[in-house]
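Here are some short exercises to work through with the structure open beside you. Try each task yourself before reading the solution.

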Amino acid sequence: CNRAERELCKEIELEFNSRLCKVKETVRSSKANPALEFDLKVMKLMEESLPRKYLGPAIGRTAYTDAVNAVANMLENCRQRLRLICDQVETLGMQDVQQHLANLSLLHDCQWLDQHLARRHDFSAIEATLFFKQKYYEHFKRSSRQALDQLCAFLENPMRRSCASGELQSSLFCVESISKMSAVLPQLSTAHDALQSDVQSLIETWMSDLRPLIRRFPALDGFRSLPAPEVESALIVCPNLMFIDSSKESMQKLCADLEQHLAHLCSEVKTLMAAKGDFHSKLCILDVISGWRDEGFAKITARFPDLEVLKDFVRDGVVKEAKKIADLIANAKDCSQAEEFLQQLDVARVLDHHINKQAG
């Protein structure tokens with residue numbers, strides 16, 4: 001009987017050591033798998049149910065405790081890594097989402113360890129998992145609020161918030177990265193859908209306010225009524241928000257319509273400025289484009305000929321008109337005809353402040 005018991009004790013010891021080796025091998029890989037939980041359950045069952053005489057001081061209890069401690073140490077190391085990288089999210093963003101996800105998933109998948117830990121143990125897989133889930137959810141909500149605030153500020157005044165699109169892209173990237181952890185944090189899916197809806201709503205509202213202005217885009221005779229601030233804002237906003245996939249198509253269409261209208265208007269401007277006469281219309285164009293430049297409307301100004309080039313067009317035209325009129329006056333047969341020609345040249349004097357008083 002003693003011999004049989006010794007052989008049984010040896011088999012039990014081998015079983016414990018075999019499972020302990022499996023546990024340590026899994027722990028070295030820092031990955032959770034179903035076999036890890038199963039091995040600890042079997043070891044716990046054996047340790048609790050087998051008579052003490054079959055469990056020498058160096059067999060069951062020690063092997064089982066070693067296995068539990070090995071898993072607990074793995075998760076403690078995981079917790080320390082998460083604490084470090086999670087605290088960096090606020091300042092550095094999500095540098096490597098897979099690293100965040102792998103560590104949080106490891107804690108999440110090993111919450112069963114608490115069943116094996118003694119009450120006096122200072123580690124709890126469940127508490128650690130809940131703590132970091134809350135931290136990531138708070139990061140997500142904060143980045144979401146930042147993104148919406150940045151989007152509102154950019155849409156409201158893109159000229160003064162030139163860096164806002166970069167800040168917005170950074171915030172949305174952080175949000176998108178954290179949302180990939182929804183496998184272990186399901187509430188992220190709902191929160192992410194709500195954020196996308198809010199972003200889409202803000203952009204759609206902004207575009208709906210702009211579309212009527214484009215539909216009523218003025219012809220050349222209404223050049224002065226061109227809504228320059230709104231057009232300038234659109235030319236800044238559209239290219240800078242193309243990274244938002246949900247609005248990309250509508251943004252592209254809006255931008256294309258706007259560019260088409262501006263190109264047509266620019267063509268008309270060039271034609272008029274190169275034509276003879278109509279000095280009042282030319283004055284209007286020079287005044288408007290000069291005003292755009294003074295207001296800092298760089299985007300819309302760039303869609304039209306350079307102001308100095310336009311002034312040269314007009315100046316050359318006035319000089320040619322003056323020479324022509326001078327020749328006509330010299331060959332005029334009566335004073336009334338000469339007076340008529342002089343009146344034509346006098347009209348061009350409205351342009352003098354743009355062309356160095358060439359008409360005068």
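**Exercise 1: A pair in a helix**

In which helix do Arg 79 and Glu 76 both lie, and how many residues apart are they?

*Solution.* Keep in mind that this is a predicted model.
- Step 1. Find helix H3, which covers residues 60–92; both Arg 79 and Glu 76 lie in it.
- Step 2. Count along the chain: the two are three residues apart, about one turn of the helix.
- Step 3. Now look at the side chains. Arg 79 and Glu 76 form a salt bridge, with their closest N and O atoms 2.4 Å apart.
- Step 4. Check the surroundings. Arg 79 has a relative accessible area of 19%, and buried means under 20%, so Arg 79 counts as buried. Glu 76, at 21%, is partly exposed.

**Exercise 2: Two more salt bridges**

Work out how far apart in sequence the partners Lys 41 and Glu 37 are, then do the same for Lys 253 and Asp 257.

*Solution.*
- Step 1. Lys 41 and Glu 37 sit four residues apart in helix H2 (residues 34–49), so about one helical turn separates them.
- Step 2. Their salt bridge has its closest N and O atoms 3.6 Å apart. A salt bridge needs these atoms within 4 Å, so the pair qualifies.
- Step 3. Both partners are partly exposed: Lys 41 has 44% relative accessibility, and Glu 37 has 23%.
- Step 4. Move to helix H9 (residues 245–274), where Lys 253 and Asp 257 are four residues apart, again about one helical turn. Their side chains meet in a salt bridge at 3.2 Å, N to O.
- Step 5. Lys 253 is exposed at 54%, whereas Asp 257 is partly exposed at 27%.
- Step 6. Salt bridges can also share partners: Glu 15, Arg 19 and Asp 39 are joined into one network this way. The structure holds nine salt bridges.

**Exercise 3: Val 199 and its contacts**

Is Val 199 buried or exposed, and which residues beyond its sequence neighbours is Val 199 in contact with?

*Solution.*
- Step 1. Locate Val 199 in helix H7 (residues 187–215).
- Step 2. The relative accessible area of Val 199 is 6%, so this residue is buried.
- Step 3. Set aside the neighbours within four places in sequence; Val 199 is then in contact with Leu 148, Leu 151 and Ile 244.
- Step 4. Take one of these partners. Leu 151 is 48 residues from Val 199 in sequence, yet their C-alpha atoms are 7.8 Å apart in space.

**Exercise 4: A serine side chain**

Which backbone oxygen does the side chain of Ser 233 reach?

*Solution.*
- Step 1. Ser 233 lies in helix H8 (residues 228–240).
- Step 2. Follow the side chain of Ser 233: at 3.0 Å it reaches the backbone oxygen of Pro 229.
- Step 3. Not counting residues up to four places away in sequence, Ser 233 touches Pro 158 and Trp 206.
- Step 4. With 15% relative accessibility, Ser 233 counts as buried.

**Exercise 5: The whole chain**

How many helices and how many strands does the protein chain have?

*Solution.*
- Step 1. The chain has 13 helices and zero strands.
- Step 2. Of its 360 residues, 42% count as buried.
- Step 3. Among contacts between residues at least 6 apart in sequence, 71% join residues at least 24 apart.
- Step 4. The accessible surface of the chain comes to about 20,100 Å², with 51% belonging to carbon and sulfur atoms.

Note on methods. Residues numbered from 1 in each chain as written. Predicted model: local features only at pLDDT ≥ 70, side-chain atom pairs only at ≥ 80, totals over all residues. Heavy atoms only, no water. Buried < 20%, exposed > 50% of the residue type's maximum accessible area, 1.4 Å probe, protein only. Contact = heavy atoms within 4.5 Å. Areas by Shrake-Rupley, 256 points an atom, 1.4 Å probe, with all protein chains shown as cover. Polar contact = N/O pair within 3.5 Å; in protein donor to acceptor, adjacent residues only side chain to side chain.
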